[in-house]
Each structure stands twice: as structure tokens, then as C-alpha cells.
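Open the model in your viewer and keep the sequence panel visible. The stops below are given in the order in which to select them.

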Amino acid sequence: MTVVETRGLVKTFGSVRACAGIDLTVRRGETVALLGPSGSGKSTLLRHLNGLTRPDSGSVSVLGVDVVSARGTALRALRRRVGVVFQQFNLVGRLTVMENVLSGALGRVRGPRYGVVTWPRAVRSEAFEHLDRVGLADRAYQRAGSLSGGQQQRVAIARALLQRPELVLADEPVASLDPETAASVMDLLVRVCREDGLTMVCTLHQIELALQWTGRVVGLRLGEVKLDEPTDLLDAVRLRGLYLSDPVTVP
Ligand SMILES: Nc1ncnc2c1ncn2[C@@H]1O[C@H](COP(=O)(O)OP(=O)(O)OP(=O)(O)O)[C@@H](O)[C@H]1O
């Protein structure tokens with residue numbers, strides 16, 4: 001089943017063509033890395049997939065929903081089915097780890113909720129299971145802001161999982177982390193997505209992480225798809241071609 005489909009996606013900001021006619025199809029269960037130099041349009045493309053940005057022209061379909069025309073209730077319903085992981089984790093630092101994870105269920109459990117005990121017991125235990133999966137069960141009642149960057153991103157992944165998403169979008173999920181932590185967080189993100197049969201699309205700057213952890217690379221340059229292949233068929237030398245100053249075509 002197709003989870004993401006864009007056709008002829010064009011987005012300009014003034015004279016900048018961030019997306020210059022992008023056709024992208026992602027099927028259920030795929031883990032896809034968007035690679036390309038700074039300004040190549042990776043984040044802009046990703047933002048179209050949950051309606052944070054609207055295209056100048058072209059179509060965007062996600063989980064069978066026409067994202068371009070979706071508004072209000074329809075857009076909120078779609079966003080509940082799409083988990084998002086951000087570069088800067090976007091946790092509430094003064095709340096506990098558990099409260100942050102529980103907030104992932106706000107779309108399906110009516111709020112407002114004040115404190116962990118006001119959440120239904122079943123949701124609490126589900127949140128605890130996800131915290132256990134990301135290796136932070138023993139930190140449940142610690143302030144989120146007191147955790148390291150890698151730990152905070154693990155909490156953000158647990159929060160996204162509690163949302164029970166069908167698609168996970170991750171915008172530079174490991175860009176703020178040291179190389180070793182980045183690798184372990186990528187490992188976790190891809191592993192939980194595969195375990196749960198989730199589709200995942202992420203933007204990355206590290207070629208090696210894309211090759212090691214994801215199943216497919218879509219390489220962008222100047223808003224155009226220059227390469228779209230399974231990682232099994234790729235190597236770092238070819239991917240570096242995306243970053244050369246004037247590659248007319250990627251070899
Ligand atoms: N809201 C905006 N207003 C104006 N220009 C924008 C906006 N968003 C993106 N752009 C421009 O569109 C182009 C693509 O940006 P985008 O952030 O999608 O690239 P990227 O590949 O994700 O870059 P990076 O790897 O540095 O995050 C850039 O030239 C950027 O300056």
C-alpha cells in the first residue's frame with residue numbers, strides 16, 4: 001500500500017525553488033532517508049507530508065488523504081496518524097519524562113490532563129512499555145530537561161510511538177547528537193519502526209547513517225530528486241556526488 005505520494009510538487013519562497021516538481025512514492029513499511037546538501041529542499045518536502053506547508057502546485061497524498069485540500073478536522077485526524085520527531089526533541093523540559101510521553105496520546109484521550117495519575121491506567125502502562133523499549137523506564141519520573149540530548153530524543157520517540165502512528169516523519173532526528181549517540185538513536189528509531197511495521201521518512205545529513213540504517217535513499221539537489229534507490233545498491237562515494245558543487249547528474 002502506498003503511504004506517501006507526491007506528484008509534481010512545487011514550492012517556491014520568493015525566487016527560491018525549494019521543491020522543483022517532486023514525485024515521491026513511499027510504500028508501507030519502508031524506511032526512507034532524504035539526503036542532500038543544505039537548502040536542497042529536504043525539510044520543505046517533509047513539511048508538506050503533514051500539511052505544515054502547502055505547495056504552489058502538485059499533489060500530496062498521505063495515508064490516502066489529500067493533504068493539499070485537507071483543513072480543520074480532516075487535517076487534525078491525519079496528523080494523529082503521523083508521528084513527528086524533531087531535531088531539537090521538542091519536549092517540555094520542566095515536565096517529567098512520563099508526562100512528555102503521555103502527551104503523545106492527547107489526540108485519542110481527551111484532555112486536559114494534570115499529572116500522570118489523571119491518565120487512564122491502560123494509557124499509562126502503554127506509555128511505560130514504550131519508555132522501556134527506548135531504554136528509559138528508570139527515568140520515568142525525572143524532569144525531561146535534565147536528560148542528555150540522546151535520552152531526550154529517545155523520550156520523543158516513545159512519545160511518537162504512544163500516538164500509535166502509521167507514518168513517522170523525522171526531521172534531522174540526530175543532527176544535535178554526537179556521532180556515537182546519533183548512531184544509537186538511529187538504530188532505535190529504525191528498529192521500533194520496523195518492529196511496529198511503521199513507515200518512516202527522515203531527513204539526514206550523515207550519508208553513513210542513511211546507508212547503515214535506512215532501506216532507501218532519496219537524494220535531493222536544488223529541489224529536485226537526483227537519486228532514488230535502495231541503500232543495498234548504494235555506496236558512500238555515489239552519495240557524496242550529491243554534495244559536489246556542480247554535479248549535473250549523480251553517477
Ligand atoms: N519559510 C521559508 N521562507 C523562506 N525560504 C525558505 C523557507 N523554508 C525554506 N526556505 C528556503 O527553501 C530552500 C530549501 O530549504 P529546506 O530547509 O527545505 O532545505 P534542507 O535541504 O532541509 O536544508 P538543511 O539541510 O540546511 O536543513 C532553502 O533555500 C531555504 O532557504
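This tour of a predicted model goes from the ligand shell to the nonpolar core, then to some loops and a helix pair.

**Stop 1: the ligand shell**

Select the ligand and the residues around it: Phe13, Val16, Ala18, Gly36, Ser38, Gly39, Ser40, Gly41, Lys42, Ser43, Thr44 and Thr203. Two elements each give two or more residues to this shell, strand E2 (16–27) and helix H1 (42–48). Colour H1 separately, as the largest share of the shell, three residues, comes from H1. By class, the shell divides into eight polar residues, three nonpolar and one charged.

**Stop 2: Gly223**

Keep the shell displayed and add Gly223, which sits in the loop between E9 and E10. Is Gly223 buried or exposed? Gly223 is buried, because 23 other C-beta atoms lie within 10 Å. Now show its contacts beyond four places in sequence: Arg17, Ala18, Cys19, Ala20, Ser40 and Gly41. Ala18, Ser40 and Gly41 also belong to the residues around the ligand. For a distance label, pick the C-alpha atoms of Gly223 and Arg17: they are separated by 6.4 Å, with the two positions 206 residues apart along the chain counted as their spacing.

**Stop 3: Leu222**

Step back to Leu222, in the loop between strand E9 (216–221) and strand E10 (224–230). Check its backbone: phi is near 50 degrees, a positive value in a residue other than glycine. Leu222 counts as partly exposed, because it has 15 C-beta neighbours inside 10 Å.

**Stop 4: Leu63**

Go next to Leu63, in the loop between strand E4 (57–62) and strand E5 (65–66). Here too phi is near 50 degrees, positive in a residue that is not glycine. What is the exposure of Leu63? Leu63 is partly exposed, with 19 other C-beta atoms within 10 Å; the cut-off for buried is 20 or more.

**Stop 5: the nonpolar core**

In soluble globular proteins, nonpolar side chains tend to be buried together. The largest nonpolar core in this model has 69 residues. Which residues have the most contacts inside it? They are Leu34 and Val201. Select Leu34 and then its contacts, leaving aside neighbours within four places in sequence: Lys42, Leu45, Leu46, Val201, Cys202, Thr203, Val218 and Leu220. Two of these contacts, Lys42 and Thr203, are also in the shell around the ligand.

**Stop 6: Ala105**

Move to Ala105, in the loop between helix H3 (97–102) and helix H4 (121–133). Ala105 is buried, with 21 other C-beta atoms within 10 Å. Apart from neighbours within four places in sequence, Ala105 is in contact with Val123, Leu162 and Gln163. The C-alpha atoms of Ala105 and Ser148 are 24 Å apart, and the two residues are 43 residues apart along the chain.

**Stop 7: helices H5 and H6**

Two packed helices are described by the angle between their axes and the distance between the axes. Select helix H5 (residues 149–162) and helix H6 (residues 179–195), whose axes come within 10 Å and cross at roughly 10 degrees. H5 is therefore roughly parallel to H6. To see the contact, show Gly149, Gly150, Gln153, Arg154, Ile157 and Leu161 on H5, and Thr181, Ser184, Val185, Leu188, Leu189 and Val192 on H6. How do the residues of this contact divide by class? Six are nonpolar, five polar and one charged.

Note on methods
Residues numbered from 1 in each chain as written. Predicted model: local features only at pLDDT ≥ 70, side-chain atom pairs only at ≥ 80, totals over all residues. Axes fitted to C-alpha atoms, helices over the stretch in contact; angles between N-to-C directions. Helix = DSSP H or I, 4+ residues; strand = E, 2+ residues; numbered from the N terminus. Parallel < 35°, antiparallel > 145°, perpendicular 65-115°, else oblique. Contact = placed C-beta atoms within 7 Å. Nonpolar A, V, L, I, M, F, W, Y, C, P; charged D, E, K, R; others polar. Core = buried A, V, L, I, M, F, W, Y, C linked by C-beta atoms within 7 Å. Buried ≥ 20, exposed ≤ 12 C-beta atoms within 10 Å, placed from the backbone. Near = placed C-beta within 6 Å.
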